[in-house]
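Trainee: I would like to take a close look at a single part of this model with you. Could you walk me through it and then set it in its surroundings?

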Amino acid sequence: MFGVRIHGRGGQGVVTAAELLSLAAFEEGRHAQAFPSFGSERTGAPVVSFCRIAEREIRTREPVSQPDALVVQDPTLLHQVDVFGGLRPDGYVLINSTHGFDELGLGEWTRNFRHERLLTVPASDICRRHIGQMRPNAAMLGGLARLTGIVTLESVCSAIAERFPAGLAERNIAAARECAERVAAQLGASVGA
Amino acid sequence: MLEQLEGSVAVAHAVALCRPEVIPAYPISPQTHIVEGLSAMVKTGELAPCEFINVESEYAAMSVAIGASATGARTYTATASQGLLYMVEALYNASGLGLPIVMTIANRAIGAPINIWNDHSDSMSQRDSGWIQLYVESNQEAIDTHILAFRLAEELSLPVMVCMDGFILTHAYERVDVPSQEQVDRFLSPYEPRQVLDPSEPVTIGAMVGPEAFTEVKYLAHVKQAQALDLIPELARELDGVLGREQGGLVRGYRLQDAETVIVALGSVLGTIEDAIDQQREQGVKVGALGIKAFRPFPLQEVRDALAGAARVVVIEKALAVGIGGIVSQDIHIALGSSATPVHTVIAGLGGRPITSASLTRLIEGALAGELAELTFLDLNAELVERELQRTREKRRSGPHAENMLRDIGVVAAGPV
């Protein structure tokens, strides 16, 4: 079982992100469960969503408290919400930011985790260019797919194509592919080092 | 066909496959997506012939449902929480008149304090309303149970509530197998009413009944509802044959063989409980679970049989009967009769508090160690309660409880994160 927790703000498509990820896993013939943290939905308020992916039926209904991977769609949450709470020591983190972990003031924190699994991508910039708006939910899943391998980039793209209307889907897929490339480039550099 | 769907959407599809003819509904979280889905299907003509009536309140929703059902239309609605409470008077009329309305309850807490999250307070408050109540564990079970519910309701001429955990199920995306129209049609024929308002053969439905026959009419309601105890397993077996999967009947046991400790629960928490049981079993702990699907009528005999070998029973309840404690536990006590098996009531998951496997494990360990009280509240922050009690002792005008306690934990107004 692989658990993902997604942090963002109301209006950024946090709940949709978890649903898309579950759809990507479903298309690979796997079991997946996505659900929101059920807050009173307000634009701008911190929102959390969850996704579990497994090879067999998922029975548990509790929130993902010890995630294998974290997606932070909005870096302004880093010092407002305990986004890293419960992250497994070998867990993955993908943060939407133009800065690295050190610049974000997280250098100290990263010591206990595997550096090559902690990445940032400038998803807002990428989305602004491809989509014309800063809703980085679908795009970051491209990066997550490349970072973790939990689903393929192609499954993420076909989930986006299934869920979004045609034009918007194309633009989101382009953004997801660019996020994946950015992640791949960083992974290459990290392996090289 | 296998699909990855939101629970509400899955239920909307299942209900549409049952060919309802009238759907009066009023939106309330977390039920809204279900009736939104159905209204969209009516608008596009995907669900036809069907009239979707956007009524002005839940009281109106149930009143219109009663009228529609009495004229022979297959009738469906959905609600939750305060919405269910608002329709209570009409709810008793629907059951008293014997109208086979099917209604989804997207289980949600009741205020005050206002809370939109899940527990079973709403449907449990209507356990004596004369409606059949079925609780589901997963979205697949929600789909299948709605199909069964229409057949059950119309066969007995009684209304049925299908209770599914709000948000936890209604807002969860998971894999479900949505039956084909042909499969559902094979199981569910067009509605053939046992009583109908028809201008060509006028009758009265809803006469005043005095002391001369009121007891008998009520007793008949009891006898009729009890018929569901035979009919549910029968229909479930028939539906198994059509859908090719196991429905479970009135109750469902999980690893009950040789279980010394049995956890009893209703609804989606059973999934988390089953995972916790697997972990305990790996360590040799003899623990199992009993899921109660049919809560009304209550399957006394099946529960008694399932608990016969248990040394202790732990009932996990998502509702609180203030002043006594458990609700389901009372029925479990009746089922166990003169047996000396201790029954522990655990109030859990109120107002959306997650029931975690870690808490369940501690609970099971406590039960085995003989440390579990007759009534406990899972993960209760006793210190928070004590601080508020202290304030009320120190100062007469100590202020509103809920606001005081939120301030203590540093929250202004927010949900669990």
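Trainee: Here is where I would like to start: in which helix of chain B does Gly7(B) lie?

Mentor: Happy to, and please keep in mind that this is a predicted model. Gly7(B) belongs to helix α1 of chain B, which covers residues 7–17. Its relative accessibility is 0%, so Gly7(B) counts as buried, the limit being under 20%. What surrounds Gly7(B), once neighbours within four places in sequence are left aside? The contacts are with Asn139(B), Met164(B), Leu169(B), Thr170(B) and Ala172(B). Ile143(B) is another residue to look at here: it is 136 residues from Gly7(B) in sequence, yet their C-alpha atoms are 8.7 Å apart in space.

That pairing fits into a wider picture of chain B. Of its contacts between residues at least 6 apart in sequence, 79% join residues at least 24 apart. The chain has 16 helices and 15 strands. Its radius of gyration is 22 Å, close to the 22 Å from the globule rule for 417 residues, so chain B is as compact as a globular protein of that length. The C-alpha trace spans about 70 × 55 × 55 Å along the principal axes, and 56% of the 417 residues are buried. About 18,100 Å² of chain B is exposed, with 54% of that area supplied by carbon and sulfur atoms. As for charge, there are 31 positive and 52 negative charges, and their mean positions are 6 Å apart.

Two loop residues are worth setting beside Gly7(B). Take Gln31(B), in the loop between β2 (22–25) and α2 (32–44). Gln31(B) has a relative accessibility of 0% and therefore counts as buried. Beyond its neighbours within four places in sequence, Gln31(B) is in contact with Tyr26(B), Ala78(B), Thr79(B), Ala80(B) and Ala106(B). Now turn to Leu97(B), in the loop between α5 (88–96) and β5 (102–107). At 25% relative accessibility, Leu97(B) counts as partly exposed. Its contacts, with neighbours within four places left aside, are Ile66(B), Gln195(B), Ile205(B) and Gly206(B). One of these partners, Gln195(B), is 98 residues from Leu97(B) in sequence, with 9.6 Å between the C-alpha atoms.

Finally, let us look across to the partner chain. In chain B, 30 residues are in contact with 24 residues of chain A. The area buried between the two chains is about 2,200 Å², and carbon and sulfur atoms give 50% of it. On the chain B side, Gln4(B), Tyr173(B) and Arg175(B) lose the most area to chain A, together 30% of what that side buries.

Chain A itself has five helices and six strands, in the order β-α-β-β-β-β-β-α-α-α-α from the N terminus. Its radius of gyration is 15 Å, close to the 16 Å that the globule rule gives for 193 residues, so chain A is as compact as a globular protein of that length. Its C-alpha atoms fill a box of roughly 40 × 40 × 35 Å along the principal axes. Of the 193 residues, 60% count as buried, and about 8,000 Å² of chain A is exposed. The 20 positive and 21 negative side chains of chain A have centres that lie 2 Å apart.

Methods
Residues numbered from 1 in each chain as written. Chains lettered and ligands numbered in written order. Predicted model: local features only at pLDDT ≥ 70, side-chain atom pairs only at ≥ 80, totals over all residues. Heavy atoms only, no water. Helix = DSSP H or I, 4+ residues; strand = E, 2+ residues; numbered from the N terminus. Rg over C-alpha atoms; globule rule 2.2 N^0.38 Å. Buried < 20%, exposed > 50% of the residue type's maximum accessible area, 1.4 Å probe, protein only. Contact = heavy atoms within 4.5 Å. Areas by Shrake-Rupley, 256 points an atom, 1.4 Å probe, with all protein chains shown as cover. Lys, Arg positive; Asp, Glu negative; His and termini not counted. Charge placed at Lys NZ, Arg CZ, Asp CG, Glu CD. Buried area = accessible area lost by both parts, 1.4 Å probe.
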